[in-house]
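Trainee: I should be grateful for a close look at the salt bridges of this structure. Please explain which parts of the chain they connect.

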Amino acid sequence: MPTKYSRQRTVARRLITKFGGVCTWTKEGADTSSTLPPEMQPLAEAIIYSNIPIVLIPATRKEMFSEILGVLTATIKDQDVAYIPGDVPFTPANGDDVTIDGLIRYVDRINKIAPDGTAIAYEVTFK
């Protein structure tokens, strides 16, 4: 679906793919068939997404990514961040597991860069 920021979304994916690598993103599944409250739901099998483009950006270089996209990014100060495209087949969340070059990292915070509601990219920090 075209949006006002379709060009930025395309550019974000291209830049992330060009300058980054790929990761495996794992989301814990929740068994919603139970009548227990959400926080007590038994876990279902995890959902694994392979070959997700990701680029790691040091804290000192975040402004450059923001200028190229033409939208405000880098809301997380003084911390290295990663960017993934906004058109990934899942919604990233705090606590997801991300495997980059064989190293498992856990998502601490997610910032959805979406001036009009459609994600251009996701800004991610790790614990």
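Mentor: In this predicted model, the count comes to two salt bridges. I shall take them in turn.

One salt bridge is formed by the side chains of Asp87 and Arg13, with a distance of 2.9 Å from N to O. Asp87 belongs to the loop between strand S3 (81-85) and S4, whereas Arg13 belongs to helix H1 (residues 6-19), so this pair ties together parts that are 74 residues apart in sequence. Asp87 has a relative accessible area of 35% and is therefore partly exposed. Arg13 is likewise partly exposed, because its relative accessibility is 29%.

The other salt bridge brings together the side chains of Asp96 and Lys27, again at 2.9 Å from N to O. Asp96 is found in the loop between S3 and S4, and Lys27 in strand S1 (residues 21-30), so the pair ties together parts that are 69 residues apart in sequence. Are these two residues, Asp96 and Lys27, buried or exposed? Both Asp96 and Lys27 are buried, that is, each has under 20% relative accessible area.

It remains to follow the chain beyond that loop. Strand S4 (residues 97-100) runs antiparallel to strand S5 (residues 103-113), and four bridges join them. Within this pairing, Val98 stands opposite Arg105 in S5. S4 and S5 make a hairpin with two residues between them, and Asp101 in the turn has a positive phi of about 50°. S5 is also joined by six bridges to strand S6 (residues 121-126), again in an antiparallel arrangement. There, Ile113 stands opposite Ala121 in S6.

Technical notes. Residues numbered from 1 in each chain as written. Predicted model: local features only at pLDDT ≥ 70, side-chain atom pairs only at ≥ 80, totals over all residues. Heavy atoms only, no water. Pairing = 2+ DSSP bridges. Salt bridge = Lys/Arg side-chain N within 4 Å of Asp/Glu carboxyl O. Buried < 20%, exposed > 50% of the residue type's maximum accessible area, 1.4 Å probe, protein only.
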